[in-house]
Amino acid sequence: MSFFPHLFAPLKIKKIRYRNRVWASPTAMAMQFLTPEGFLRPEGIEHFRNRALGGAAVVTLGESAVDNDFALSHYHSLNLYDKRALPTLTTFTDAIHQAGAVASVEISHGGRYALPELIGKNPIGPSADILPNGVHIDPMTEEQMDKVADNFADCVALLKNAGFKMCMLHGGHGWLLSSFLSPADNRRTDKYGGSLENRARFPLMVLERIRRRAGEDFVIELRMSAYEGDDKGITLEDARKFALMAEPYVDLLNVSCGARRLLHTRVEQTPSGFLPPASNVHWAEDIKAAGVRIPVVAVGGISDPAFADALIAEGKADCVAMARAFIADPEWANKARRGQADQIRPCIKCYNCLDEKNGRVFGGGATSFTLDVVKRYACSVNPRIGIEQDIIPPATRCRKVLVIGGGPAGMQAAITAAERGHDVVLLEKSDRLGGQLLFADTVPFKYSLKDFRDYLIRRVGKLPIDVHLNTCATPELARSFAPDVIIAAFGSSPFSPNIPGMDGDNVLTAAEAHMHPEKVGQKVVVAGGGDTGCELAGHLHQLGREVSIVEMRDFVARDTGFTLRIALMDIIEGKVNCLTRSKLVSIGRNSVDIEGADGTISTVPADTVVLALGSRPREQEAEAYREIAPDFWIIGDCREAKNVRNAIRTAYDAACRL
C-alpha cells in the first residue's frame, strides 16, 4: 500500500522499470568521497547507496567532467575519462542496483566556466569573452566541437561498461551545451550561432553522438534550463523548441532554470528559504505543455510528498527530483511511501551541503573556488551525513542521561541517547521545546527552520524521553535524578556591548525583535551585519520598517555561506541602509551615534535599536554541573555559539560516546 499512489507508481522507460517517480538528484562529489585521481572511495559509495536503500528510484552521482582537457570546472569531479575508474564505478552500480534503484551520473563540460588552474589554459566556449573575474574565453573551433562530442560519447561508453543503464547529460545552468543555446553567450556568426536552429546545432551533435555510441536501450536524461533569468539568454520559448529538437535523442527531460552568469539565479536553481516551497517546478509544466512525449522531471526545492504526488497526478510532471531533501533524510522516499511523512527530517535550506564541501566562498566581490576552505561534507540537520561509514552500535548498557536544555542541541542529544537505549530525562526551563528556534514562528522565510524544530519536537515525543517543561535546572535538582551522564545544552546569551544607552527600553535583542515585532518602532538600527542581523533587517523591512545595519567590517554577511549570501542580499540590497566600516557608539531615545571609518560621528534617527552582535556561550553556568555525574558533556551554543549544524553535530557526537 502506498500513501502517495501517483508518486510511487512504477515507470517503464525502454527496458528499465523504475520502482517509483522519485529521483535523487545529482549533488557534487565531496572531495572526501574521491581519491586524488578522482575515483570513488568506499565512503562515497556508502553515502549514495543510502539514497537507494532509502527508496529513491534513481540515484545520480554529481556533476562530473567528460575530460580533463577543457571540461573541469571544479576540484571534485569524478574521473570518467580514465579506464582505471572502472572497478570503483562498477562497485557503485552494483551497490545501487542491489538496493533496488537505478544508478546514474551527471556528465558535463564546464565550457566558459572551466577552471584555468585545473586545465592549464584558457577555457573554451561558443564565443570569445572575458569573464568578470578576468578569465579569457577562447572561441571553440569545429575541430574542438568534434572532439568534445566524442569525449561525451566515450564517457557514456565507459559508464555502460561499468554497469550504468542511464546517465544525465548536463545541458543547463550555463555549462558548455547551454552556453551554445544562449544568445547571451553565443555571439557566433557561423552556422553555430544566430538562429535557435544554429545555436542548437552543437548540442544536438553531442546528443546524436552519445545516442549512436550508447545504443537505443541506454536511457539518457537531459537537464536543461527552461529560462536563464533575463531577456538576453535562453527564453522559455527557446527552451520549448529545443526540448522538441532534443526529444529524438533523449528519454527524459530534467527541467531546471537559471544560468551561472546571473548570480541571483543560483538561489532559484536550488531555491532558498526566501522563496516559497518548490518555487520553480512550474518550469517542468511549461516544458511539458510544449508537447513533448517523453517523461518530464520537475526539480527545485521539492520536499513535501503530498505536493509531489499532486504534481504528478495533475499531469504537470512525470517524476520529481530532489537533492537536499535526500541529504537531510536519505530515507525520504521510504518514509513517504509508508505514510510517515511527519518523520521526514526537513532540509533547512542553509546551503552548507552545497558550498563548504566544494570550497565555494564569497571573496568580497567575485566568487571563487579554493582548496583552502574545503571542509568535510556535512548537513546541518543530519549529523550522519559524511560519516555514513561509521557504525554507531546500540549502547552496551543503559545509563541515566540528564539533558539540560530543550533547544536543538538538547533535543538532538536526548533523541540520539534514547535511540541508543539510554534512559533519558530532558529539562527545559520554558513551557516549550525549541530554544532559539522558537523565533521561526514569526518569520515567514524561516518556514523550513520551523519545520525542522517541529520535527525534533515530534521525535522527542515518540521516544521514551522524560521531558520536564517549566523546570529551571539547579545543581541540587540535577543530583536528585542521580544521573550517570549530564549533557549541558544551556545555549548562549546575546552579547551586549558596554556603550551609553544600552539599558534603554528601546533596545532589543534580535530574538525579541523577531518574536515581538510590535515592540519595534518605525525607524530601526540593527547593530551587527552578520547572518542574524541581515535576516532580521530584511524581515523588518518586509514588515514596513525603515532599517539601517551598522557593521564594523567591509561587507555585511561577510562570513555567510556563498549561496545563502546571494539569497540574503536579495532581501536587503537596495532596501536596507548598510553602514559598513562603522560602529555604534551611543544610543539615545530617538537616535543613535555612529562612528565611521574616518572617525567622524554621525547621528541616525532610530526609534528602536536591535542588537545582533553575536552570542556568548553559557559555559560558566554549565560548569557548575561538571562534578555531579561521572560523565559530563557541553554541547551546542553552550560550547561554542555558532549555528544549527554545530548544535546538532556536537549533540550527536556526545550521545554517541555514551
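In this predicted model, Phe33 is a good place to start, since the residue has 0% relative accessibility and therefore counts as buried. Phe48 has a relative accessibility of 1% and is likewise classed as buried. Together with Phe92, Phe164 and Tyr377, these two phenylalanines form one aromatic cluster.

The structure holds 12 aromatic pairs. One of them joins the rings of Phe33 and Phe48, whose centres are 6.5 Å apart and whose planes meet at 70°, so the arrangement is edge-to-face. Phe33 belongs to the loop between strand S3 (22–27) and helix H1 (42–53), while Phe48 is part of helix H1 itself, so the pair ties together parts that are 15 residues apart in sequence. An aromatic ring also takes part in another kind of arrangement, in which Lys121 lies over the face of Phe70, at 4.7 Å from the ring centre.

Stepping back to the chain as a whole, the model contains 22 helices and 30 strands. The radius of gyration is 26 Å, close to the 26 Å that the globule rule gives for 658 residues, so the chain is as compact as a globular protein of that length. Along the principal axes, the C-alpha atoms fill a box of roughly 75 × 65 × 45 Å. Of the 658 residues, 58% are buried. Contacts across the sequence can be described too: among those with a separation of 6 or more, 70% involve residues 24 or more positions apart.

Helix H7 offers a helpful look at how one element sits within this fold. Spanning residues 201–214, H7 has 14 residues and reaches 20 Å from its first C-alpha to its last, close to the 20 Å expected at 1.5 Å a residue. Burial applies to 10 of the 14 residues of H7, so the helix is largely enclosed by the rest of the structure. Those buried include the hydrophobic-named run of the helix's early part, namely Phe202, Pro203, Leu204, Met205, Val206 and Leu207. Arg209, Ile210, Arg211 and Ala214 of H7 are buried as well. The cover over these residues includes four helices by name, H4 (142–161), H5 (176–181), H6 (196–199) and H8 (236–246). Strands S9 (166–171) and S10 (219–225) also contribute to covering the buried residues of H7. Gly215 follows the helix, and its phi is positive, near 90°.Cysteines were examined next. A search of the whole structure finds 0 disulfides. Cys155 is in no disulfide, and the nearest cysteine sulfur, that of Cys167, is 7.2 Å away. Cys155 has 1% relative accessibility and so counts as buried. For Cys656, the closest cysteine sulfur is in Cys379, at 15 Å, which is too far for a bond. Cys656 is also buried, with a relative accessibility of 15%.

The backbone has some points of interest as well. Most residues other than glycine have a negative phi. Tyr351, however, has a positive phi, near 75°. Tyr351 sits in the loop between helix H13 (332–337) and helix H14 (352–355). With a relative accessible area of 1%, Tyr351 is buried. Arg581 is another residue that is not a glycine yet has a positive phi, of about 50°. The loop that holds Arg581 runs between strand S24 (577–579) and strand S25 (583–587). Arg581 counts as partly exposed, at 48% relative accessibility.

A final example concerns a glycine and its neighbours in space. Gly501 is located in the loop between strand S20 (492–494) and strand S21 (507–509). The relative accessible area of Gly501 is 24%, so this glycine is partly exposed. Although Gly501 and Ser586 are 85 residues apart along the chain, their C-alpha atoms are separated by 6.1 Å. Leaving aside residues up to four places away in sequence, Gly501 touches Val507 and Ile587.

Key. Residues are numbered from 1 along each chain as its sequence is written. This is a predicted model: local features need pLDDT of at least 70, side-chain atom pairs count only at pLDDT 80 or more; totals for chains, interfaces and linings use all residues. Side-chain values use heavy atoms; hydrogens and water are left out. A disulfide is a pair of cysteine sulfur atoms within 2.5 Å. Buried means under 20% relative accessible area, exposed over 50%, partly exposed in between (1.4 Å probe, protein chains only). Rings of Phe, Tyr and Trp (its six-membered ring) pair if their centres lie within 6.5 Å; planes under 30 degrees apart count as stacked, over 60 as edge-to-face and the rest as tilted. Helices (H or I, at least four residues) and strands (E, at least two) are DSSP runs, numbered from the N terminus. A charge sits over a ring if NZ of Lys or CZ of Arg is within 6 Å of the ring centre and within 35 degrees of the ring normal. The expected span of a helix is 1.5 Å times one less than its number of residues. Contact means heavy atoms within 4.5 Å. The radius of gyration is taken over C-alpha atoms; the globule rule is 2.2 Å times the number of residues to the power 0.38.
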